[in-house]
Amino acid sequence: MDKSQILLSFLQKNCALITPVPTDEKERFEYYKGAINKLPPQYINESFLKIEDVYLADTLQKEEIVSVEGLDALITVSQNKAAFFSADAVLSFLNDGSDKSIYLYGGTRLKTAVAHAISGKDIAVTKANNVKFSGVISAQLPSIDLKLTSVILKEITDKYIFALDVAMNNKLKTLVLTLPNIENAVLCSRVADAILGVIKQHAYTKQLKIVLSAPNSKVFDVYKSKKEVL
C-alpha cells in the first residue's frame, strides 16, 4: 500500500466513511477533499501530517504551476486557482468561497497555522506549506449584500492594502491576490474599481508583479475589462 492509500484509508477509518478508497487518481483526490473536512482535530498527529505532506505535494506536482515572476505583464487577471501559481505570497479569503485551493493543497499544517494566527483577528500572515508560496495572508471578508456601504468597501480594500504593504515592507517581487466572489454585476464593478485603484496606487511604482485570481468567469470579465484601462 502506497502512502496516499495509507492516508486515505486513515481518513476512511476516522471520518465514518463507508465508501472504498477510489483507485482513479482524480477520484481519489476528490475523496480526500471530502474526507479531510470531516476529520476531527484529535486525529491530527505527526505521522498523519507527514503522509499528507507527501500526498499533497505529489498531487500538486501534477498540476501546471505558473511562475508569476515569469509573466510579462505587471498585473495579470487569471481564472487559474491561486494554488497553481508560484509567488512570494498570496492573499486568500477564508469565508467568501472565492478560492479554497491554497488551504486545500497547503494541507492540515497550513489550516492549523492559519486557525491559530487568525484567532480573534480578521487578517493574519503565516508560512505556507506544500504550495509554492513563502507566505500566506489569510483574511475574513465582510458580508457583501445589496447595500454595499463605504464602510464595507473600506474593509475590503484594507485587506488588499495590508497585503501590498506586506509585499513592499518585505521587498517581495511577486504576489497573488484572490478576488471576492461577488455575483451581482453592479457590486462586483464597484468593488473592482476600489481594489484596482488601491493596486494602482501601491504597486505600479514599486514594480511588484501581481496576479488577480478570479473565482469565476463573471468576475474575471469585470476585472479584465477594467484592468485594460488602468
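This passage walks through helix 4, the salt bridges, a strand hairpin and the surroundings of S78 in a predicted model.

Helix 4 is a good place to start, since it turns out to be anything but a straight rod. The helix covers residues 101-118, and although that makes 18 residues, the C-alpha atoms at its two ends sit only 18 Å apart. A straight helix, rising 1.5 Å a residue, would reach 26 Å. There is also a kink of about 125° in helix 4, and its centre falls on G107. That glycine is itself one of the buried residues of the helix. The run from S101 through I102, Y103, L104, Y105 and G106 to G107 and T108 is buried, and further along L110, V114, A117 and I118 are buried too. The cover over these buried residues comes from several parts of the chain, including helix 2 (25-36) and helix 3 (46-61). Strand 3 (85-93), strand 4 (123-127) and strand 5 (133-139) also contribute to it. Just past the end of helix 4, G120 adopts a positive phi of about 80°.

Helix 4 is also tied to helix 3 through charged side chains, with R109 as the shared partner. R109 meets E46 in a salt bridge, at 2.9 Å from N to O. Because R109 belongs to helix 4 and E46 to helix 3, this pair ties together parts that are 63 residues apart in sequence. R109 makes a salt bridge with D53 as well, and here the closest N and O atoms are 2.6 Å apart. This pair likewise links distant parts of the chain, as D53 lies in helix 3, 56 residues away from R109 in helix 4. Through these shared partners, E46, D53 and R109 end up in one network. As for how open the three residues are, R109 is partly exposed at 27% relative accessible area, and E46 is partly exposed at 39%. D53, at 16% relative accessibility, counts as buried, because the cut-off for that label is under 20%.

Across the whole structure, the search turns up eight salt bridges. Another of them joins E25 and K62, whose closest N and O atoms are 3.8 Å apart. E25 is part of helix 2, while K62 sits in the loop between helix 3 and strand 1 (66-67), so the pair connects parts that are 37 residues apart in sequence. Both ends of this bridge are open to the outside by the numbers: E25 counts as exposed at 52% relative accessibility, and K62 is exposed with a relative accessible area of 54%.

Two of the strands that help cover helix 4 also pair with each other: strand 4 and strand 5 run antiparallel, over five bridges. Within this pairing, T126 has V136 of strand 5 as its bridge partner. The two strands make a hairpin with five residues between them, and in the turn N130 takes a positive phi of about 75°.

Finally, S78 belongs to strand 2 (residues 75-78). S78 is buried, with a relative accessible area of 10%. Once neighbours within four places in sequence are set aside, its contacts are F85, the run V211, L212, S213 and A214, and F220.

Notes. Residues are numbered from 1 along each chain as its sequence is written. This is a predicted model: local features need pLDDT of at least 70, side-chain atom pairs count only at pLDDT 80 or more; totals for chains, interfaces and linings use all residues. Side-chain values use heavy atoms; hydrogens and water are left out. Helices (H or I, at least four residues) and strands (E, at least two) are DSSP runs, numbered from the N terminus. The expected span of a helix is 1.5 Å times one less than its number of residues. The bend at a residue is the angle between axes fitted to the seven residues ending there and the seven starting there. Buried means under 20% relative accessible area, exposed over 50%, partly exposed in between (1.4 Å probe, protein chains only). Contact means heavy atoms within 4.5 Å. A salt bridge is a side-chain nitrogen of Lys or Arg within 4 Å of a carboxyl oxygen of Asp or Glu. Two strands pair if DSSP finds at least two bridges between them.
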